[in-house]
Amino acid sequence: IFSSLANPNDLALYSGLVFFLGLYYVFEKKNKYLLPVTVWALVVLIFSKSGSGILAVLFSGMLLSLSFKKSVRILSFFLFFVILIAALTATVYFKSDAAFYRGYLWEDTFRMIGQKPVLGWGLGSFAYVYPAFRNPRLFLLLKDHQIEFLHPENYYLNLAAEGGIIYLLLFITMNAILIYYLLKYKGSRIC
């Protein structure tokens, strides 16, 4: 399934979000009317054929299972872990182009970061700077699908390449503070 979004990974991102929000409202708030939406989000996620999206949902499910009751926590965590490892193993075994081209792309991005580690190349500059660092092996791997890369397929590497290590650390720190306060005031009302 392709959508009006930029690519299937974006569709998978939104489908995964709707899936987990739907699960919350169906099981915690007892809103059975959202069950079809939740199931539909899962179907869209699967048919988007986004390996990253499916792996993200599996990993999120594994983390979510840590909040389950103790009697099912270990079993569900183990189940999600096994499925996640199986999916990653299948990706390597079947030599998925997506997995291998990302490896080359990330390697090239690390070289970019190495050139300007502190302040980066400038926000929004990845697509313009990357061609100078692109490894020729990518041309051989992608064969007929020669595309321009707008980002390194990894948000944190993108932040480090464009804004530098300082920018990346600020982003991680701000998110850690946000998570801390969300957990600290988990049960209280804001408004």
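**Exercise 1. A charge and a ring**

In this predicted model, determine which lysine lies over the face of Trp121, and at what distance from the ring centre.

*Solution.* Step 1: the criterion requires NZ of Lys or CZ of Arg within 6 Å of the ring centre and within 35 degrees of the ring normal. Step 2: the residue that lies over the face of Trp121 is Lys116. Step 3: its distance from the ring centre is 4.4 Å.

**Exercise 2. Aromatic pairs**

State how many aromatic pairs there are, and classify the pair of Tyr155 and Phe171 as stacked, tilted or edge-to-face.

*Solution.* Step 1: the count is 9 aromatic pairs. Step 2: the ring centres of Tyr155 and Phe171 are 5.5 Å apart, and their planes make an angle of 65 degrees. Step 3: because planes over 60 degrees apart count as edge-to-face, the pair of Tyr155 and Phe171 belongs to that class. Step 4: Phe171 is partly exposed, with a relative accessible area of 22%. Step 5: elsewhere, ring pairs join Phe126, Tyr130 and Phe149 into a cluster.

**Exercise 3. Overall architecture**

Describe the order of the secondary-structure elements from the N terminus, and give the percentage of residues that count as buried.

*Solution.* Step 1: the protein has 8 helices and 0 strands. Step 2: the elements accordingly read α-α-α-α-α-α-α-α from the N terminus on. Step 3: of the 191 residues, 26% count as buried.

**Exercise 4. A nonpolar surface patch**

Identify which residues form a nonpolar patch on the surface, and locate Leu21 in the secondary structure.

*Solution.* Step 1: the patch consists of Leu13, Tyr14, Leu17, Leu21, Tyr24 and Tyr25. Step 2: together these residues have about 620 Å² of accessible area. Step 3: Leu21 belongs to helix H1, which spans residues 8–27. Step 4: membership of a patch requires over 30% relative accessible area; Leu21, at 44%, is partly exposed.

**Exercise 5. Two loop residues, Ser50 and Arg134**

For each residue, find the loop in which it lies and decide whether it is buried or exposed.

*Solution.* Step 1: Ser50 is placed in the loop between helix H2 (35–47) and helix H3 (51–64). Step 2: with a relative accessible area of 2%, Ser50 is buried. Step 3: a polar atom of the Ser50 side chain lies 3.0 Å from the backbone nitrogen of Gly53.

Step 4: Arg134 is found in the loop between helix H6 (126–129) and helix H7 (137–142). Step 5: Arg134 is buried as well, at a relative accessible area of 14%. Step 6: the C-alpha atom of Arg134 is separated by 7.5 Å from that of Leu105, although the two residues are 29 apart along the chain.

**Exercise 6. Positive phi values**

Give the phi values of Lys30 and Glu153, and compare their settings.

*Solution.* Step 1: most residues other than glycine have a negative phi. Step 2: Lys30 has a positive phi, near 55 degrees; that of Glu153 is also positive, near 60 degrees. Step 3: Lys30 lies in the loop between H1 and H2, and Glu153 in the loop between H7 and helix H8 (155–184). Step 4: Lys30 is exposed, with a relative accessible area of 59%, whereas Glu153 is partly exposed at 23%.

**Exercise 7. Salt bridges**

State how many salt bridges the whole structure holds. Explain which parts of the chain the pair of Arg102 and Glu153 ties together, and where Arg111 and Asp108 lie.

*Solution.* Step 1: the search of the whole structure finds 2 salt bridges. Step 2: in one of them, the side chains of Arg102 and Glu153 meet at 3.3 Å, N to O. Step 3: Arg102 is in helix H5 (residues 97–115) and Glu153 in the loop between H7 and H8, so this pair ties together parts that are 51 residues apart in sequence. Step 4: Arg102 is buried, with a relative accessible area of 14%, while Glu153 counts as partly exposed.

Step 5: Arg111 forms a salt bridge with Asp108, with 3.2 Å between the closest N and O atoms. Step 6: both Arg111 and Asp108 lie in helix H5, 3 residues apart, which is about one turn of the helix. Step 7: Asp108 is buried at 0% relative accessible area, whereas Arg111 is partly exposed at 41%.

Technical notes
Residues are numbered from 1 along each chain as its sequence is written. This is a predicted model: local features need pLDDT of at least 70, side-chain atom pairs count only at pLDDT 80 or more; totals for chains, interfaces and linings use all residues. Side-chain values use heavy atoms; hydrogens and water are left out. Rings of Phe, Tyr and Trp (its six-membered ring) pair if their centres lie within 6.5 Å; planes under 30 degrees apart count as stacked, over 60 as edge-to-face and the rest as tilted. Buried means under 20% relative accessible area, exposed over 50%, partly exposed in between (1.4 Å probe, protein chains only). Patches are made of residues with over 30% relative accessible area and no salt bridge: like charges are joined within 9 Å, nonpolar side chains (Val, Leu, Ile, Met, Phe, Trp, Tyr) within 5 Å. Accessible areas come from the Shrake-Rupley method with a 1.4 Å probe; for residues, only the protein chains shown count as cover. A salt bridge is a side-chain nitrogen of Lys or Arg within 4 Å of a carboxyl oxygen of Asp or Glu. Helices (H or I, at least four residues) and strands (E, at least two) are DSSP runs, numbered from the N terminus. A polar contact is a pair of N or O atoms within 3.5 Å; within protein, one must be able to donate a hydrogen and the other to accept it, and residues adjacent in sequence count only if both atoms are side-chain atoms.
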